[in-house]
Structures are given as structure tokens and as C-alpha cells.
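Reader: Before I set anything up, I would like to go through this model with you, one question at a time.

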Number of protein chains: 2
Amino acid sequence: MNAAMIDRYAKLAVGFGANVQPGQIVTVNAELGREQLVRAVAAHAYAAGAKHVEVNYADAFVRRARIEHGRDGAIGFAPSWQVERIHEMGQQHVAQITIEGGIDPAATAGLDEEKLGADQPPTRQEYLKLVVDRLINWTIIAMPTEPWARQVHPDLAADQALERLWSQVVNICRLDEDDPVVAWQARMTRLLEVAARLTERRFDAIGFRGPGTDLTVGLLPSSRWLAANFHTAGGIEHHPNLPSEEVFTTPDPERVDGSVTSTMPLQIEGTIIRGLRVRFEGGRAVDIDADEGAGMLRARAARDEGAPRLGEVALVDADGRIGPHRTVFYNTLFDENAASHIALGHAYTFALDDDADHARANHSSIHIDFMIGSAEMEVDGITGGDRVPLLRGGAWQV
Amino acid sequence: MNAAMIDRYAKLAVGFGANVQPGQIVTVNAELGREQLVRAVAAHAYAAGAKHVEVNYADAFVRRARIEHGRDGAIGFAPSWQVERIHEMGQQHVAQITIEGGIDPAATAGLDEEKLGADQPPTRQEYLKLVVDRLINWTIIAMPTEPWARQVHPDLAADQALERLWSQVVNICRLDEDDPVVAWQARMTRLLEVAARLTERRFDAIGFRGPGTDLTVGLLPSSRWLAANFHTAGGIEHHPNLPSEEVFTTPDPERVDGSVTSTMPLQIEGTIIRGLRVRFEGGRAVDIDADEGAGMLRARAARDEGAPRLGEVALVDADGRIGPHRTVFYNTLFDENAASHIALGHAYTFALDDDADHARANHSSIHIDFMIGSAEMEVDGITGGDRVPLLRGGAWQV
């Protein structure tokens, strides 16, 4: 991608996305291969007055070495200073920019799924606290790389695949607009309106019916619908996902029942889970099955009491820019914003108006979204015996 | 380089170099571009029983963004958790493997030398403490990359330059021996014998005379000569530099007088200092001049009271494997082991037999070696009025 477009993307992430403030420390996380965008982000962050930009490049092949050669105690371990670092990031209210994208399939090919599932360090849970307590202003973006592009467009030559993926990302992130910020503000305004209307109805539950799916997700009495327009506890507005096309809220982790078939493959840290089917009873995922990769997700969902319960339910209409590309991106940031989704694990308690509901929301060391929406999926709001249509053919009915 | 040789190099670094122990946390530092060796090191470290391998990839272009766009407070700043991390690494007695090599000249081209000089974070001083207190077993190696190879062999095509630099590194690191460890042990035995003989003489000072150089470096009463065969306070033997061809000791920071002309260019974090000339009075570098890059070194030498004083004096004979390549490597790990050298900054107090001398040794937040040896350099041991020849034409006289 040309340097001017990279610069535009970085500027959007630093400004509209994380909204970096003068004097803030900025942490940047990226898998290797995204250096060009990382450096542009660093330049924009320093230009915005950042006191420091700390870049952490992750290398999926180092994790491969751990899974292959590490002794038992090595799986899922993190040095104490890494956990302390995350805690301090919250205390010092950093800004954080994560640059995602696919992971080279060679980094995970043939590895033990149970070990991959178990290899989640304690830093993850510490990080979820920062998000839930709204201590940091953060955003996640993604940068196309050749391994990712080959995964998304396997029928194209590598360079064409990369070019095509970039053009899709540019379109989806509104970088092709005269002013991407204005375009995003317009979309956010629309999503916030929908969220407000959903909140007003105070539905008792959301129902999903479609091929392979008949699921009821109970809500809590004070569940408020949000769009991905967040404010830190200190009042810094930020947009945690670019792109974001969803409205979401926090469900009742005790009242989820039925079966759901995922409508898209799910990629978790390089492991791809295909044909995922989950059955819930009394809020708990009692069966997790898949055509491929189930072991990894089962291991994650067995980590703690809250891991097999829901922490999020999100609705996505067909007006977003991702769906029309009719592309599976093998990346949750993109795929979850093309389709309604639910997440196993920790809940965003800030989506609950009543503090009394906070203790009822789900608590876990994981948070894993998976996609359940499609044009065929009928989504209803349920109150008492009434079912109110919310989405039909991907269009809002409210 | 082929995977088998990379594997051999990694094994040498993990075993003979850092001597990673079962259950240790291993920190790996590398500039981007050295992923292949980093991953092989990670695999060998896990196979050796490491509890965790933490890889930190540095990106010189992120530093470039800081120098170009960072506000005043950003230069030389590090988040508190980075300093705390180094402290904890010492408390937890990690093993550390640093993979050096050249830095792409594009990362520093045209940057303000004063800012580059000032941009040393407090983590550096904290790290020097770990080394001086012998809290960690560590090693430094280097991996050829294309930008480095082009710097070393500018007359060759890029691929040929890389191939040539690799073949030199393989030779210098004894990776071309049937058993590199046996070859290194033989060389270390020889260097330790020389060091023992030098220590026995208890010279009052070392004299250097050669083109542009007439320098006397006073020693402390208990200065002991060492080779790069270290033991942690807990007793783990390790080899901190691969390659290493030097014997060295800790000088008297108050008794260094005369002038010295560096015999090789010096590369500090990508900045190249050519034609360096330093004049010392009463131990202090009172003039630092150079044909190129002086500003960067002057800024470093002005950081604290000890920065313009010597913390190390090292002698290198012509039997090592680096000199015969007649190559300037633009990398201190290689160049300092081709020629006698001195270092501005912090002293290795463990090279002093008498605790009373520890307080007299130099203390600083910097440690910067520069090369002063050559075939023309006459190195003498001085006691009273006597000058005993130590090196003539690169050959030991003792």
C-alpha cells in the first residue's frame, strides 16, 4: 500500500480511533509484518504529543516454539512484570492501539489444539480489567499482510490477493472518503440511534432463529445497548474498533438457552474454527462442537466458571460496509462487524445502567466473539410472550 | 543462511553463551530483521527447559519517529514499568540473549545528533546494574541482515554482501568447527592464561602509543584481568560475548591522561562516529572530536559525572579470528574484538579484587566501547618508571 494511504490510516487510528491525548503514553501492539503501519502510527502519536510510544511486536512463531518445545509450566505462563505492566498501564491511563490482521497459518499448523487453548497468559485477564473499568482509550485496527491476504483470497496470486484485501480494508474503514472521520461520525450517529431505540424497549431477551440456530439470549434488567463509541472513566471519547458496525449489550449469563450454528469461520490467534455449533443450557455452553478446531475453543471455554457463558450479544445490520464484500476475512474485527455475534466470556459491565446488575454480569478471563448472523437469521426482541422483529434480511425493523 | 547453520548458532548462544538453566525465564532482545535466529533461539531455550521466552523486537524506525516528532519530554523517556521490568529480571535471575547486528542507516539518516545522544532511557542504567551485580546470565550475538551487510561490504551486490558477511560471522563464531564449543573453550583457556599473567604483574598503568595516540590508563591497586567467561553471583558460568577475543580490566577513572585516536569507526545505535579523537586530563575526556557523529557521543558523555571517564580497558591480540578478515564490521561486538579498546562509562567492579576499590571505580549510566588498537599500536604495562611491552605487532609479549 502506498505511504499516503498508510499515513491516512494511521492518522485515523491515532485521532478518531484511540484519540491520543498530549502527554499520554501510547502502547502499540502488532504482530510482525505490520511495521509500515506501526511506524506511521508512532509518528502520528508523537506528533499528537505522546510522551512515549511503546511498540510490542508479537511473533506467532515464538509461540509455536513454546507449544512445540515448552515444558508444562511454560504453557500459559507470563512473567510477573508483564502482568504488572498491564496494571500500570491502567493506573497511568495509557492510550493503546492494536494492529491486527491474519496470522501466518504456518505458525500454528499441526500444533496441539489443547495446548493452544491452554496457552492464554494471565496478562489477558489483567487487560480485560482495564477495558471494563474504562481506564484506557484504545482502538483496534488491522493491516493486510501477504499471509492474511492469501487466506482471504486463496484463488488469487499473492500480490493480487494483497492488493484486493487492501482495497477492501480501505473501503470498509472509509479511508476512500474525502474525510474518513466525517463518514465514521455519520455511521456512529446512526448506530447510536438504533442502540437508543433498542434500549428504550427494555427487552427481556433476544431471539435468534435461522438455519441450525434457535437461541434465546436473556438480557439483564438494566442492559443498555451501545455502539463502539466509548468514553474512558476520565471522559476521553474513543472508538475501540475500526471498523465497527455493531450495536451490543451485556446479556444475563444465567439465561441463554438453545443451539446456535456459527455462520462464519472463527480465527483465534491463528487457529481456525470451522462449522462451530454450540448448545446452551441455563446460560452455560454445554456442547461445543466444530468441523475443525473445536479443541482449542473447548480449552478456552474451560478456563474458568464464566468462560462457557456469554458476556456480549451484538446485532449487525446489512447497511455496514463489510457484508457487501461477501468475503470471509478470517479476522474477528472484520467478520464480527459483518454479522450479529455473541461472545463467550467477560462482560462489558459499563453496558449496565444499574450497578446492582454488575455482579450478575459474566466474569471470566476470556472474551471470544463468534459470528451467528446472516441474511436468513431472524432476530427478535422478546418481552413476556411477545416477539418483536428486530432484524429481517439484515434490515432493522425498529 | 540455511536453517541448519541458524540452528547451530542458536544452540551455541543458548548453551555455551547464556547457558540457559531449566526453569529460567529467558529474555531475547533483537532489532527487527533477525526473526529467523530469534525463533531458533526460542526453540532451543524452551528445549533447555526455559519457563518462558520473552522476545522484544526493537524497531529503529519507531525511535526515528520519536526523534523527529517527539516533544521534549519524549526524548530519553521510558515508562516506569520498563524500569521495573529490568529490576525484576535481576530479582528473578533471568537469562538474556541479545541479537545485534547493524541498523538500517535510513533509520538515523539526517537526525539531530544531540537528540540521538540524549535519547538513552533510564532502563539502560538499570540494566547495567544487573550486569555489574552479576544477577543474570547473558550473552550477545549478532545476525547478519541485508542493511548491515551493505554497510560492511558496500562494493558487493546486496545478496553477495549478505553471503560474505554470513561466512565471516560463521568463521569468527567458530560455527565452522566440528564442535564450536570445544573451539571456544580452547580460545577461552588461552585468554584466561594471558589474563592471569597480566594480573600477576599488578601494573600501575597501561600505556598506548601509536599513530595519533599517546595515552596512559591508570589501573586500580586490585584491578584483575578477565576474559569474557563470566559467572553470575549464583554461580552460573556464561560467555557474555560471542565472539570474544579480549582480556580486560577496570581502570582508575581519575588517572587517564593523553590523547587517543580511534582506529575504527564506531556505531552507536545506528549513528556512525568516524575519526574519533579524545583527549583525557585527570581521567576526564576533556575533548571529544570526530570527523563525523561527534555530537552524538558528546551528548552521551555529558549525561552524568562518570560518563566522560573510563570504565574499561581491554587488550586484543592478533590471534583472534576477527582481525584477519581485515573488515570493519560497524558493530562493536565484532570490531572491539579485533582491536584493543577502552570504554567510557560504567565499570565492571567484579574485576576488582578488593572491595575497597569498588567505590573508586567509575559509575555512570553509559558504557560505550571504542577501538584504539592496531598492528602499529605499542601497548605497555607501566610500573614505576618501567614500561614492559605487552603487545607488539598484535602479539603478546608476556
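Reader: Which side chain meets that of A:Glu269 in a salt bridge?

Author: This is a predicted model, and side-chain atom pairs in it count only at pLDDT 80 or more. The salt bridge of A:Glu269 has an N to O distance of 3.4 Å, which lies within the 4 Å that the criterion allows. The partner side chain is that of A:Arg63.

Reader: How many residue pairs are in polar contact across the interface of domain 1 of chain A and domain 2 of chain A?

Author: The domain assignment gives chain A a domain 1 of residues 3–172 and a domain 2 of residues 180–396, and the count of salt bridges between the two is 1. For polar contacts, with both residues at pLDDT 80 or more, the rule finds 24 residue pairs.

Reader: Which element gives the most to the side of domain 1 of chain A that touches domain 2 of chain A?

Author: Several elements of chain A each supply at least two residues of that side, among them helix 1 (3–17), helix 6 (123–132) and helix 8 (158–172). The one that gives the most does so with 6 residues, and that element is strand 4 of chain A.

Reader: Why is helix 6 of chain B largely enclosed by the rest of the structure, and how many of its residues are buried?

Author: The buried residues of helix 6 of chain B include B:Tyr127, B:Leu130 and B:Val131, and what covers the buried residues includes helix 4 (80–91) and strand 18 (367–371) of chain B. The helix is largely enclosed because, of its 10 residues, the number buried is 7.

Conventions:
Residues numbered from 1 in each chain as written. Chains lettered and ligands numbered in written order. Predicted model: local features only at pLDDT ≥ 70, side-chain atom pairs only at ≥ 80, totals over all residues. Heavy atoms only, no water. Buried < 20%, exposed > 50% of the residue type's maximum accessible area, 1.4 Å probe, protein only. Helix = DSSP H or I, 4+ residues; strand = E, 2+ residues; numbered from the N terminus. Contact = heavy atoms within 4.5 Å. Domains from an automatic or database assignment. Polar contact = N/O pair within 3.5 Å; in protein donor to acceptor, adjacent residues only side chain to side chain.
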